[in-house]
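Take a look at the model below. Turn it slowly, and keep the sequence at hand. We will walk through it step by step.

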Amino acid sequence: MCSARADIIDGKAFAATLRQKVAAQVARLKAEYGIVPGLAVVLVGEDPASTVYVRNKERMTAEVGMNGHAFRLPAHASEAELLDLVRQLNADSAIHGILVQLPLPAHMDARKVINTINPEKDVDGFHVVNAGLLATGQEAMVPCTPLGCLMLLRDRLGSLAGYKALVVGASNIVGKPMAQLLLAEKCTVSIAHSRTRDLEAEVRQAEILVVAAGRAELIPGDWIKPGAVVIDVGINRIERDGKPVLVGDVAFEQAVRVAGAITPVPGGVGPMTIACLLANALTACCRAVGASEPAELVA
Ligand SMILES: Nc1nc(=O)c2c([nH]1)NC[C@@H]1CN(c3ccc(C(=O)N[C@@H](CCC(=O)O)C(=O)O)cc3)C=[N+]21
Ligand SMILES: [Mg+2]
């Protein structure tokens with residue numbers, strides 16, 4: 001075996017640069033149109049992880065010069081109350097982007113809530129209209145995590161045309177839109193999921209491997225094709241040697257000896273997700289006021 005180590009894809013640094021570009025465009029919108037992008041983040045209940053994410057989003061929204069609007073509903077709020085809030089935000093011309101933090105309490109129908117958001121303000125890209133626009137190659141709001149993964153892949157590889165890509169995980173929020181984006185880039189795309197018969201055989205062929213399975217270290221390093229570009233979307237809190245640690249869906253220490261490049265956890269895809277949320281809010285605002293969209297920020 002060779003002892004070369006993969007290049008570490010620094011999502012944290014890439015995201016910081018992306019946020020600076022967003023900030024510059026926010027300043028341009030303000031100067032040229034007198035408009036400040038407004039991003040509404042709705043949190044229902046007090047899930048500790050969600051509370052941390054929402055706080056981070058609020059801080060970064062302010063840092064790029066956007067107006068952040070936080071809405072907190074109690075865990076026992078009714079679905080009707082949440083739908084009313086979403087409709088109010090839809091009607092508010094100062095709000096260009098709306099994010100309803102998931103998961104929602106079990107007594108709410110998350111699909112109904114998401115599909116009530118005006119698709120043009122749906123900065124998560126989860127609305128069925130945006131999913132359909134993406135799947136048919138039309139201008140959409142693109143889900144933030146797959147968009148961030150795509151930016152990292154393009155930065156690493158340039159044109160993705162012709163690459164054999166495998167997406168592990170078929171969720172509506174990561175796996176499926178990721179596969180659509182890779183297809184649009186002219187990759188040969190496969191999607192693996194919990195019923196895939198021989199995951200190892202699929203992984204071994206992948207030149208681009210995106211893993212969003214939500215299972216700690218599901219992919220051992222020795223399955224990975226030498227030189228592959230590995231994007232690890234997983235964020236799993238586990239205990240190792242009695243200590244809580246954060247690991248991805250890929251066994252990083254093994255994979256780093258085989259892959260050509262790999263994202264770390266933390267510091268890889270996670271920061272890109274938030275930066276792309278801000279980029280999407282900027283995009284939504286540009287579309288709302290008829291301003292040109294900065295090319296490097298859109299899919
Ligand atoms: N409507 C909606 N949209 C979302 O985009 C959404 C959501 N709901 N619910 C929760 C998940 C999770 N999520 C993350 C964003 C950033 C990091 C992130 O920045 N992680 C850092 C730090 C990780 C840590 O220390 O916890 C990293 O990976 O380096 C993680 C997770 C967005 N989500
Ligand atoms: Mg190398």
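By class, how many nonpolar, polar and charged residues are in the shell around ligand 1? The shell has eleven nonpolar residues, four polar ones and one charged one. Hold on to that count while we look at where the shell comes from.

In total, 16 residues surround ligand 1. The closest are Gln 101, Leu 102, Pro 266, Gly 270 and Thr 273. Two elements, β4 (97-100) and α10, each give two or more residues to this shell. Helix α10 supplies the largest share, with four residues.

Before going further, a word on trust. This is a predicted model. The protein chain has a mean pLDDT of 96. Of its residues, 98% reach 70 or more. The model as a whole scores ipTM 0.95 and pTM 0.97. Where pLDDT is low, the coordinates should not be read in detail.

Now go back to the ligand shell. Two of the closest residues to ligand 1 are Leu 102 and Pro 266. Each takes part in a cis peptide bond. Leu 102 is joined to Pro 103 by a cis bond, with omega near 0°. Pro 103 sits in the loop between β4 and α4 (110-114). The bond from Val 265 to Pro 266 is also cis, with omega near -5°. Pro 266 lies in the loop between β11 (261-262) and α10. Find both prolines in the picture.

Next, step back to the domains. UniProt, in an unreviewed entry, lists residues 9-124 as "domain: Tetrahydrofolate dehydrogenase/cyclohydrolase catalytic". This span is 49% helix and 16% strand. Its end C-alpha atoms lie 24 Å apart. The UniProt record, again unreviewed, places "domain: Tetrahydrofolate dehydrogenase/cyclohydrolase NAD(P)-binding" at residues 143-287. Here the span is 37% helix and 21% strand. The end C-alpha atoms of residues 143-287 lie 17 Å apart.

Helix α1 covers residues 11-33. It has 23 residues and reaches 32 Å from its first C-alpha to its last. That is close to the 33 Å expected at 1.5 Å a residue. Which residues of α1 are buried? They are Gly 11, Ala 15, Leu 18, Val 22, Gln 25, Val 26 and Leu 29. Look at the spacing of those numbers. An α-helix has 3.6 residues a turn, so residues three or four places apart point the same way. What do the buried residues of α1 pack against? Their partners are α6 (144-157) and α10 (269-289). We met α10 before, as the helix with the largest share of the shell around ligand 1. Just after α1 comes Gly 34, with a positive phi of about 65°.

Two other residues also have a positive phi, and neither is a glycine. Lys 186 has a phi near 70°. It is found in the loop between α7 (175-184) and β6 (188-192). Is Lys 186 buried or exposed? Lys 186 is exposed, because 12 other C-beta atoms lie within 10 Å, and a residue counts as exposed at 12 or fewer. Asp 241 has a phi of about 50°. Its place is the loop between β9 (236-240) and β10 (243-247). Asp 241 has 5 other C-beta atoms within 10 Å, so it is exposed too.

How values were computed
Residues numbered from 1 in each chain as written. Chains lettered and ligands numbered in written order. Predicted model: local features only at pLDDT ≥ 70, side-chain atom pairs only at ≥ 80, totals over all residues. UniProt positions renumbered as here; feature names shortened; annotations may be inferred. pLDDT = per-residue confidence, 0-100. Expected span 1.5 Å × (residues − 1). Buried ≥ 20, exposed ≤ 12 C-beta atoms within 10 Å, placed from the backbone. Contact = placed C-beta atoms within 7 Å. Near = placed C-beta within 6 Å. Nonpolar A, V, L, I, M, F, W, Y, C, P; charged D, E, K, R; others polar.
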